[in-house]
Amino acid sequence: MAIIAASSVEKIFRQPKRQSGFGGALRSLFSREHTEVRAVDGISFAIEGGEAAGYLGPNGAGKSTMIKMMTGILVPSSGTVEVLGREPHSNRITNAAEIGVVFGQRSQLWWDLPVRDSFDLNRHIYDIPASRFADNLARLTSMLDMAGYIDRPVRQLSLGQRMRAEIAMALLHDPKILFLDEPTIGLDVVAKDVVRKFLAEVNRERGTTIILTTHDLVDIEEICPRLIMVDDGKLLFDGELRHLRTALGSRRRLKLEFGTDPGAITLKTAQLVTDEGLAKHFLLESQQTSILDVLTELGSGHDLKDVKLEEPNIEEVIRTFYQNKPALAGARP
Ligand SMILES: Nc1ncnc2c1ncn2[C@@H]1O[C@H](COP(=O)(O)OP(=O)(O)OP(=O)(O)O)[C@@H](O)[C@H]1O
């Protein structure tokens with residue numbers, strides 16, 4: 001059964017039109033002119049309990065706005081959002097008891113207090129029974145390796161330490177759903193790895209449903225089998241990453257290495273995607289295209305040193321997807 005259901009959701013932000021200069025600013029105060037930003041434009045999806053879904057899209061695509069509507073911070077302009085059978089914004093307190101929220105760019109911890117004190121405040125806010133709190137705190141402290149800094153004020157922590165504490169704080173009351181808005185932003189590779197492994201484990205072992213927004217494709221690869229892709233407020237793809245790979249990954253990549261740079265090469269059997277001079281990367285035009293087809297078309301007379309067929313990496317899959325988005329919009333395998 002779906003525990004999150006979004007149906008034809010729209011969010012339109014209206015802002016008074018600003019005019020430049022002091023006089024303009026004054027006139028704007030009395031002007032009735034507005035500009036509209038359609039941040040979320042007719043999005044529908046349903047998420048089952050226990051799923052891990054990644055919400056991916058370029059800057060300004062409407063990811064944070066959607067998370068804010070699912071957590072009850074914003075109200076949709078039209079359409080409906082239901083989380084655990086309720087409308088989040090009109091049931092904020094009940095909803096908050098059953099969800100956890102982490103905003104990568106905003107802290108929920110008390111800046112001047114030791115981490116432990118923020119956790120303790122959450123115990124009171126969520127009315128967590130003492131024994132359950134103690135168990136959860138011990139488990140999260142060990143899993144996220146927080147023992148070394150749990151008694152230090154938040155302002156003294158590194159970003160990686162703080163993010164681990166933010167995630168722990170959001171999980172202390174055993175939420176059914178964990179929403180994360182860019183949880184790995186700004187973290188170094190080691191900290192990203194810790195956060196990803198932890199989130200994948202929480203989803204797998206405890207069945208916590210995870211919805212996260214990210215720009216980092218590795219987050220999706222390691223945490224979320226399901227991918228929801230948006231651009232300009234619209235849904236472009238909703239399905240499994242592996243399906244997207246199969247749909248687009250059929251264009252295998254071929255690397256040709258030359259002893260001397262032959263300049264740009266245009267072929268019918270393969271599309272040049274990256275030109276590094278001596279090394280040129282192509283996407284084969286179709287599944288049926290063979291290396292031999294490409295080499296035959298290329299012909300002799302080039303100082304060709306090596307040929308490598310490469311599987312497409314996830315970044316390439318996503319880039320290809322966005323390049324072909326009109327043809328693929330709304331795809332749900
Ligand atoms: N409170 C607001 N008032 C007016 N416009 C807003 C508001 N919040 C967001 N927007 C606009 O809505 C659009 C979507 O913003 P949103 O923050 O949801 O994008 P995003 O996909 O999360 O982007 P990013 O990856 O850069 O964080 C943007 O054009 C943004 O400027």
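A nonpolar core is a set of buried Ala, Val, Leu, Ile, Met, Phe, Trp, Tyr and Cys residues joined through C-beta atoms within 7 Å. In this predicted model, the largest such core has 64 residues, and M70, F179, I211 and L227 touch the most other members. Helix α6 gives this core its largest share, seven residues. A second core, separate from it, holds seven residues, among them L254, L256, L283 and V294. As background, nonpolar side chains tend to be buried together in soluble globular proteins.

With the cores in mind, the whole chain can be considered. The protein chain has 333 residues, of which 33% count as buried. Twelve helices and 13 strands are found along the protein chain, and its C-alpha atoms fill a box of roughly 75 × 55 × 45 Å along the principal axes. Among contacts with a separation of 6 or more, 70% join residues that are 24 or more positions apart. The domain assignment divides the chain into domain 1, covering 2-246, and domain 2, covering 252-311. Between the C-alpha centres of these two domains there is a distance of 43 Å.

Two open sheets can be followed strand by strand. One of them is built from six strands, in the order β5-β6-β7-β3-β8-β9, with mixed pairing. Its edge strands are β5 (99-103) and β9 (234-240), each of which pairs on one side only. On average, neighbouring strands of this sheet are turned by 15° against each other, direction ignored. At one end of the order, β5 and β6 pair in the parallel sense over five bridges, and V102 stands opposite L180 in β6.

The other sheet has four strands in the order β11-β12-β10-β13, and here the pairing is antiparallel. Strands β11 and β13 (304-310) each have a single partner strand, so one side of each is left without a neighbour in the sheet. From one strand to the next, the twist averages 25°. Six bridges link β10 and β13 in the antiparallel sense, and E257 stands opposite D306 in β13.

Attention now turns to helix α2 and the ligand. Seven of the eight residues of α2 (residues 63-70) are buried, so this helix is largely enclosed by the rest of the structure. The buried residues are K63, T65, M66, I67, K68, M69 and M70. The last of these names, M70, has already appeared among the residues that touch the most other members of the largest core. Just after α2, G72 takes a positive phi of about 85°.

The ligand is surrounded by F13, Q15, V37, A39, G57, N59, G60, A61, G62, K63, S64 and T65. At least two residues of this shell come from each of β1, β2 (34-48) and α2. Helix α2 provides the largest share, three residues.

Positive phi values also occur away from glycine. One case is S8, with phi near 45°, which is found in strand β1 (residues 2-16). With 12 C-beta neighbours inside 10 Å, S8 counts as exposed, because the cut-off for that class is 12 or fewer. A further case is D174, where phi is near 55°. This residue lies in the loop between α6 (159-171) and β6 (177-181). D174 has 16 C-beta neighbours inside 10 Å and therefore counts as partly exposed.

Two more residues help to show how contacts relate to sequence. In the loop between β10 (253-258) and β11 (270-275) sits T269. Which class does T269 fall into, buried or exposed? T269 is buried, because 20 other C-beta atoms lie within 10 Å. Not counting residues up to four places away in sequence, T269 touches L284, E285, T289, D293, V294 and E297. Of these contacts, V294 is also one of the residues of the second core. T269 and G239 are 30 residues apart in sequence, while their C-alpha atoms are 29 Å apart in space.

G239 also appears among the contacts of L227. Leaving aside neighbours within four places in sequence, L227 is in contact with G54, L56, I220, F237, G239, E240, L241 and L244. This brings the description back to the largest nonpolar core, where L227 is among the residues that touch the most other members.

How values were computed: Residues are numbered from 1 along each chain as its sequence is written. This is a predicted model: local features need pLDDT of at least 70, side-chain atom pairs count only at pLDDT 80 or more; totals for chains, interfaces and linings use all residues. Domain bounds come from an automatic or database domain assignment. Two residues are in contact if their C-beta atoms, placed from the backbone, lie within 7 Å. Two strands pair if DSSP finds at least two bridges between them. Axes are lines fitted to C-alpha atoms, for helices over the stretch in contact, and angles run from 0 to 180 degrees between N-to-C directions. A residue is near a molecule or strand if its C-beta atom, placed from the backbone, lies within 6 Å of it.
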